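Reader: Could we go through this model together, beginning with its strands and then turning to its pockets?

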Amino acid sequence: MDAAEHIGELNRRFGVAGVAEIAAGNGGLPLVRITSGAAAAEISLYGAQVLRWRPADAEEVLFLSERSRWELGAAIRGGIPVCFPWFRDKADDPRAPKHGFVRTKRWRLDSLRADEDGTVTLVCVTGSDDETRRWWPHEFLLEYRMRVGRTLRLEMSVVNRGTSVLRFEEALHTYFHVADVHSARVAGLDGAGYLDNMDGNRAKTQQGELQMTQQTDNAYMETTETVELIDPVLGRRLRTEKSNSASTVVWNPWREGAAGMQDMEPGAWQRMLCVEASNVLGCAVQLEPGEEHTLRATLSVEAE
């Protein structure tokens, strides 16, 4: 079955007339396109990556680079990439793909349902195979449930299907769209300890709201509270409520970091800020054989 036939078959099985269709996206990569009274969204089945989400009567919430590479083996720059089973570089193998391998993996669409209120729920699944074992010799199953409506509820479940303890990192690497990162602020982290990756992962403590003034890559540890990205120009707060998430990452490459990114157009770093529900570094998850862990994050938009 070629790509067009595969997408057609998915659409026949899962499509909901006038609400959700499976179509060929950029580079021919299949995506789920949602247009309902509650929200408009696009979710790529390559990486199970939310690319766009715009609740009814709101502006686009996510940043997506115009120079993203739409090809197998390359990560898509923007939206909400899924990082698993490690974050940043793999500690014991610098050749391994950054942020793990599932964001550049084809996922299987398992179910899709539309409710009367316009909310659409889809589930994507992936797991261990010969390619993943090349980098990480463990047996696992990932089930990712996305509930798309006036809020965006994300639930990623990991099952240890092997016979030994499973330890992994994970992150929902959310690229939020902002009008101007210089005026953006992040609230909800006051007093939290963090590791500053721009300063050799030196331990520091957040004082008040985080104001963006330079290249930032902070991993806030033992943080479970709701975090808000305040955008005074667009007059909105982008909230991330989370559970089973013990760390929060805030990242912007700034001018220096973005200069080396071929998949980000010049100046685009000023229109994005990542605030990520995660379990990284010392907050990595450990699962016994047969155990299951679910990371949850709910994104919402409120007027400033």
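**Strands and pockets**

Author: Within the strand E2, Leu31 is the bridge partner of Ala23. Please keep in mind that this is a predicted model.

Reader: How many bridges pair E1 with E2, and in which sense?

Author: Strand E1, residues 20-24, and strand E2, residues 30-35, pair over 5 bridges in the antiparallel sense.

Reader: What lies between E1 and E2?

Author: The two strands form a hairpin, with 5 residues between them. In the turn, Gly27 has a positive phi of about 70°.

Reader: And Leu31 again: which residue of E3 does it stand opposite?

Author: Leu31 stands opposite Ser44 in E3. Leu31 is thus a residue to follow across the strands: Ala23 is its bridge partner, and Ser44 is opposite it in E3.

Reader: How is E2 joined to E3?

Author: Strand E3 covers residues 39-44, and 5 bridges join it to E2, the two running antiparallel. A hairpin of 3 residues connects E2 to E3.

Reader: What is the strand order in the sheet?

Author: The sheet is open and has 4 strands in the order E1-E2-E3-E4, with antiparallel pairing. E1 and strand E4 (49-55) are at the edges; each has a single partner strand, so one side of each is left without a neighbour in the sheet.

Reader: By how much are neighbouring strands turned against each other?

Author: On average the angle is 15° for neighbouring strands of this sheet, with direction ignored.

Reader: Where does helix H1 lie?

Author: Helix H1, residues 3-14, lies across E1 and E2. Its direction is at about 175° to E1.

Reader: Changing topic: what is the volume of the largest pocket?

Author: The largest pocket has a volume of about 560 Å³. It is lined by 26 residues, of which Arg77, Lys98, His99, Arg103 and Met261 are the closest to its centre.

Reader: Which classes make up that lining?

Author: The lining of the largest pocket has 10 nonpolar, 8 polar and 8 charged residues.

Reader: How much space lies in the second largest pocket, and which residues are closest to its centre?

Author: The second largest pocket holds about 230 Å³ of space. Its lining counts 13 residues, and the closest to the centre are Pro85, Trp86, Lys90, Ala91 and Glu169.

Reader: What does the lining of the second largest pocket have by class?

Author: The second largest pocket is lined by 8 nonpolar and 5 charged residues, with no polar ones.

Technical notes: Residues are numbered from 1 along each chain as its sequence is written. This is a predicted model: local features need pLDDT of at least 70, side-chain atom pairs count only at pLDDT 80 or more; totals for chains, interfaces and linings use all residues. Side-chain values use heavy atoms; hydrogens and water are left out. Two strands pair if DSSP finds at least two bridges between them. On a 1 Å grid over the protein atoms alone, a cavity is a set of points where a 1.4 Å probe fits but cannot get out, and a pocket is an open set with protein on both sides within 12 Å along at least five of seven lines; lining residues have an atom within 4 Å of a point. Grid points are joined across faces, edges and corners, and a volume is the space filled by probe spheres set on the points. Ala, Val, Leu, Ile, Met, Phe, Trp, Tyr, Cys and Pro count as nonpolar, Asp, Glu, Lys and Arg as charged, and the others, Gly among them, as polar. Axes are lines fitted to C-alpha atoms, for helices over the stretch in contact, and angles run from 0 to 180 degrees between N-to-C directions. Contact means heavy atoms within 4.5 Å.
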